Amino acid sequence: MATTAKTEIAFTSLSHPAPTSVEQREQVLTNPGFGTNFTDHMVSIEWTEGRGWHDATIGPRGPIALDPAASVLHYAQEIFEGLKAYKHGDGSIALFRPEANARRFNQSAERLAMPELPEALFVESIRQIVAADRDWIPSAEGASLYLRPFMIATEAFLGVRPAKQYKYLVIASPAGNYFKSGAPAVSIWVSDYTRAAPGGTGAAKCGGNYAASLVPQAEAIERGHDQVVFLDAAEHKWIEELGGMNLYFVFADGTLVTPALTGTILPGITRDSILALARDEGLTVREDRYSLEQWQADAQSGKLVETFACGTAAVVTPVGKVSGREVEFTIGSGGPGQLTQKLKNRLVSIQRGEAPDPHGWVMKI
Ligand SMILES: *Cc1c(COP(=O)(O)O)cnc(C)c1O
């Protein structure tokens, strides 16, 4: 089990003048939904060129003041992360691989010309908000406290260059089980839009990628599908990922394939965890490219039996149907597959402290 590292920056704790009442909080926690309810606190840390990170606070959540010329509002220097805190059966609180989020946050920062945040400070910021809002962690099965660390460029300057001032914040939102009883299979639409091009920002977790995915996602919904899947920008042939989830293909011979991280795919921590768990199970997993054409042929011949998407928010989601301008096919019986369910259960039971943690992924706080 990992332990929390010390940081050089001390957090100033600002007391909350009017925290949510117990009744109101309990009301929210009975049906938290996703991303609509927020806790009482937030973390805030400032960065200034020449000075580095300073003024770390944990205090009441509320609006932040920004100059209308703040660079983030014009040139979209923004990156974020998403992770969850779980309440275990023994009442303890656990995070899942927060150092992996810290590392990826810095990779995103580098691509967006933003300052790096020491990994220990990132993890400490998560510890601070979870400790302040520990009563906001739902205990229902599949529920968690969703944590959203992010960084924005705050310098008031309209010239085009990296900003000299940034703000790092963490907010928290109680989250219910994404799918009440076992995930139903989703139907996905193959987009003609592209999410990421070689040399672009596809591997960075930045708001700009999401802004560009909203029209394709809305188009998928309009056509009666749940999610959008993107193909590569150069050949429009190779499967990349969904708007916010990575993909796995499961074959009848027990092998798994996930698109390789070539720079246009977001390196998901759930993806990486599934990779390790599948190998623990003795399965053959390849990181490779896989074409839409092959996907359809393999689904139709029965060579491919399952497909699932994975990410922190929904964990593992089976894909039942695929449609596009030139394709339309069902995967397996169109419902959740066996291996999908098995890998999901393996991952979730580690996250919830109900199974051994051989990889040291769970950090108790
Ligand atoms: C965050 C994200 C994922 C999933 O990453 P996890 O670390 O597993 O949550 C996949 N694709 C995109 C585009 C993402 O932004």
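The following paragraphs lead through a predicted model, beginning at the ligand and moving outward to strands, helices and loops.

The ligand is surrounded by 15 residues, and the closest of these are Lys 205, Tyr 210, Glu 241, Thr 270 and Thr 312. By class, the shell around the ligand consists of four nonpolar, seven polar and four charged residues. Two of the closest residues make polar contacts through their side chains. In Tyr 210, an N or O atom of the side chain is 2.5 Å from an oxygen atom of the ligand. In Glu 241, a polar side-chain atom lies 2.5 Å from a nitrogen atom of the ligand. Ile 269 contributes through its backbone instead, where an N or O atom lies 2.8 Å from an oxygen atom of the ligand. On its own the ligand has 380 Å² of accessible area, and the protein covers 97% of that area.

Strand 13 offers a route into the surrounding fold. This strand comprises residues 256–259, and its side chains point in two directions: Leu 256 and Thr 258 one way, Val 257 and Pro 259 the other. All four of these residues are buried, that is, under 20% relative accessible area.

Strand 13 has a partner in strand 12 (residues 246–251), with which it pairs in the antiparallel sense over two bridges. Within this pair, Phe 249 has Val 257 of strand 13 as its bridge partner. The two strands form a hairpin with four residues between them, and in this hairpin Gly 254 adopts a positive phi near 90 degrees.

Strand 13 is also joined to strand 14 (residues 285–288), here in the parallel sense and by four bridges. In this pairing Pro 259 stands opposite Asp 288 of strand 14. The connection from strand 13 to strand 14 passes through helix 6 (residues 269–280), and the resulting β-α-β crossover is right-handed. Ile 269, whose backbone makes a contact with the ligand, falls at the start of the range given for helix 6.

Helix 7 spans residues 292–301, and its buried residues are Leu 292, Trp 295, Gln 296, Asp 298 and Ala 299. An α-helix has 3.6 residues a turn, so residues three or four places apart point the same way. That spacing can be followed in helix 7 among its buried positions, for example from Leu 292 to Trp 295 or Gln 296. After helix 7 comes Gly 302, which has a positive phi near 90 degrees.

Leu 292 also leads to another part of the chain. Its C-alpha is 6.0 Å from that of Lys 237, although the two residues are 55 apart in sequence. Lys 237 belongs to the loop between strand 10 and strand 11, and it is partly exposed, with a relative accessible area of 33%.

The loop between strand 10 (227–231) and strand 11 (239–242) also holds His 236. His 236 has a positive phi of about 50 degrees although it is not a glycine. This residue is partly exposed, at a relative accessible area of 31%.

A further residue with such a backbone angle is Ala 113, which is not a glycine and yet has a positive phi of about 55 degrees. Ala 113 is located in the loop between helix 3 (98–111) and helix 4 (119–132). With a relative accessible area of 39%, Ala 113 is partly exposed.

Terms used. Residues numbered from 1 in each chain as written. Predicted model: local features only at pLDDT ≥ 70, side-chain atom pairs only at ≥ 80, totals over all residues. Heavy atoms only, no water. Near = heavy atom within 4 Å. Polar contact = N/O pair within 3.5 Å; in protein donor to acceptor, adjacent residues only side chain to side chain. Areas by Shrake-Rupley, 256 points an atom, 1.4 Å probe, with all protein chains shown as cover. Nonpolar A, V, L, I, M, F, W, Y, C, P; charged D, E, K, R; others polar. Buried < 20%, exposed > 50% of the residue type's maximum accessible area, 1.4 Å probe, protein only. Pairing = 2+ DSSP bridges. Right-handed = clockwise from strand over helix to strand, strands pointing away.
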